[in-house]
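Welcome! Here is a short briefing to read with the structure open beside you. Take each topic in turn and find the residues as you go.

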Amino acid sequence: MDPNPAPGPDQLPLALSVGFTGHRVIEDASEARRLIAEALAGVAEAFRRAAGSEAAQAYGPGRTLRLLVGAAPGTDRLAAAAWDAAALGESHAVYPFRDAAGAAFTDDPAKGEADTRVGEPPAAGAWTGFDAASLGLAGEQAHAEVGRWIVRHADVLVAWWNGKPGKGAGGVNDTLRRALERELPVVWIFPGRAPVRLIDPALIHHHADAAEAVSGLDGIAAPFDAGALAALLATALRPPGDPHQASDAETAARLDYDRRDPLPHRPTLFGAVQRLFDRTVWRAHRWFERVASGVPPASAEPSRTAQAAEAQPGFRRLRAESREAGERAGYLASIHRSEQLLLIGIAVLAVFVGALPAMMPDERFPNFHVVAASTEFLLGALALGVSWLAWRAQRHRRWSDARRLAERLRVACATWPLGFDVADIHADPAPNWTEWRARALIRAVGPARGWVTRASFDDALAAAAARLIDSQVAYHGRQHLVAERIERSVRRVEGGAFAVLIGTLVSFLALSAVAALTGWKAPQWFGGLVTLVSAVSPAVGAGCLALEATNSFEELAEHSRLVQGEFEKLRVRLGDPAAAPYHQALATIRRSAQLLVEDADAWRDRLLRRRIVRGG
């Protein structure tokens with residue numbers, strides 16, 4: 001296995017966001033310019049080294065470095081100027097206030113401070129602004145939201161901080177604490193002291209919590225070194241698994257995703273066969289579900305999206321990747337589930353064919369045994385071929401990965417317009433390749449842009465609630481009903497097969513007793529029928545058991561009932577999106593997103609333990 005394949009169309013560029021926080025008052029402007037430029041250049045050099053390391057070779061072409069910074073007077077503006085002067089990459093500004101005319105401010109416009117007015121942001125520029133007044137954010141809350149937003153989107157934080165305790169929410173001390181809580185690497189510039197220093201996030205655990213770590217930062221800070229920061233970045237960017245081990249499951253799955261795509265059906269003979277199977281064989285499970293449950297097919301999920309997000313290329317890319325992953329997951333699900341049904345059906349049919357000669361007298365059908373044996377052999381070979389192809393294609397694993405990725409990107413499409421992601425609480429390495437890919441995509445598209453007003457927030461919130469809460473309530477409600485009814489139908493078939501077997505055996509024993517008492521001779525075909533039923537009925541029962549073992553309908557029904565209940569509680573907690581307080585609404589949507597991802601992870605783990613079985 002080549003651990004570093006040529007970049008394919010599905011590979012993502014490597015992107016990194018650098019957050020900056022600092023003071024408004026500067027005693028020595030020339031020193032501040034020098035130290036900030038030195039720190040930012042060091043971070044850029046660390047990114048260059050990390051981008052050239054083995055950890056970054058899983059990414060496609062393209063390297064993106066961006067700065068996330070407020071536009072306040074003082075160090076924020078010096079950092080933005082130094083970044084642009086060195087042409088290090090895109091600079092993304094964050095504004096906490098705006099006035100009625102649409103101008104951006106770095107402090108409450110009512111204060112009338114001229115240097116806090118930034119002006120109207122450029123229509124096509126990289127910036128995000130909060131309309132604090134319409135969102136109901138007081139002065140400190142608006143500043144804190146800027147710091148919170150920068151930390152959530154950053155991969156490393158550069159902080160200009162004099163080491164003194166903070167004066168409240170939204171200051172450098174507060175933003176620094178949030179970065180340490182998230183376990184981001186921090187480049188610390190201490191005015192009046194040299195050199196610039198680096199805080200390894202692993203060292204904050206020398207203290208009880210991040211707040212204590214901030215007060216004792218001198219004890220865990222080391223002189224800044226681009227190589228040390230590059231090592232920290234490489235660890236965070238590296239995909240899970242060992243690329244040097246061909247048997248490593250995560251690496252193999254990631255490379256397989258780039259190399260093989262089941263969706264394109266090319267205009268070849270094989271593509272024509274694929275399309276034929278799609279319309280027939282691979283619909284077997286869909287037909288089975290419809291017949292066994294009596295529940296009509298699910299209607300298409302409404303694809304409501306936030307209007308402000310629709311115009312942004314980043315969101316369009318997220319949505320396109322989410323749809324592609326969903327289509328891939330649905331296609332692989334149809335194949336895997338239909339294969340299991342086919343194998344069970346083939347096993348029962350093979351038993352029927354093998355026992356059928358018992359009803360066919362040799363004098364009337366002299367070659368029937370040979371025909372039956374040949375047919376049974378062909379059925380066995382077909383079952384072996386189907387199971388071998390399923391094992392070779394690793395469809396159960398590919399399906400589980402595709403669905404997990406689809407659900408993860410569904411969450412990202414809902415939370416991205418709201419300015420957060422479920423993985424932004426802790427900056428720990430991704431536990432699996434699908435999470436790694438989702439995070440890489442989110443870093444590549446960058447943060448949402450434009451004004452966050454109450455109207456745009458309500459629109460994004462309603463769209464997120466529809467995607468993450470309402471759709472999950474409907475989905476799990478239907479899954480509970482379908483699984484419950486299928487489980488009942490399977491039990492009926494299993495019980496019916498047993499009843500037919502017992503009835504046939506009782507009839508045979510009764511007729512045998514009558515024949516012994518009266519001298520009547522039962523027809524030869526009846527004995528053959530008993531043999532046939534004695535073979536086929538247990539096979540049908542075994543097929544039902546195999547179907548239940550591979551699908552766990554009863555467990556699935558109960559699980560969906562419980563998950564549906566959890567999402568219904570979240571819907572009640574959210575209430576009317578238009579009336580929900582800003583931070584309470586964000587917390588509810590975050591919990592909904594986490595619940596969906598946790599459920600996808602649990603489902604993936606269960607599926608990986610349930611391999612396809614031949615059924616006989």
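In this predicted model, Ile-502 counts as partly exposed because its relative accessibility is 37%, and partly exposed means between the 20% and 50% cut-offs. Ile-502 is found in helix α16, which covers residues 454-518.

**A nonpolar patch on the surface**
- Ile-502 has company: together with Phe-498, Leu-505 and Val-506, Ile-502 makes a nonpolar surface patch of about 350 Å².

**Parallel strands**
- Strand β2 (residues 63-70) and strand β3 (residues 90-95) run parallel and are joined by 5 bridges.
- Look for Gly-70, and you will find that Gly-70 stands opposite Val-94 in β3.
- Helix α2 (residues 75-85) joins the picture here, as β2, α2 and β3 make a right-handed β-α-β unit.
- β3 also pairs in the parallel sense with strand β7 (residues 127-130), over 3 bridges.
- Val-94 turns up again in this pairing, with Thr-128 in β7 as its bridge partner.

**An open antiparallel sheet**
- Now try the open sheet of 3 strands, where the order is β4-β5-β6 and the pairing is antiparallel.
- β4 (97-98) and β6 (117-119) are the edge strands, each pairing on one side only.
- β4 and strand β5 (residues 104-105) run antiparallel, with 2 bridges joining them.
- Which residue in β5 is the bridge partner of Phe-97? The partner is Phe-105.

Methods
Residues are numbered from 1 along each chain as its sequence is written. This is a predicted model: local features need pLDDT of at least 70, side-chain atom pairs count only at pLDDT 80 or more; totals for chains, interfaces and linings use all residues. Side-chain values use heavy atoms; hydrogens and water are left out. Two strands pair if DSSP finds at least two bridges between them. Helices (H or I, at least four residues) and strands (E, at least two) are DSSP runs, numbered from the N terminus. A crossover is right-handed if, with the strands pointing away from the viewer, the path from the first strand over the helix to the second runs clockwise. Patches are made of residues with over 30% relative accessible area and no salt bridge: like charges are joined within 9 Å, nonpolar side chains (Val, Leu, Ile, Met, Phe, Trp, Tyr) within 5 Å. Accessible areas come from the Shrake-Rupley method with a 1.4 Å probe; for residues, only the protein chains shown count as cover. A salt bridge is a side-chain nitrogen of Lys or Arg within 4 Å of a carboxyl oxygen of Asp or Glu. Buried means under 20% relative accessible area, exposed over 50%, partly exposed in between (1.4 Å probe, protein chains only).
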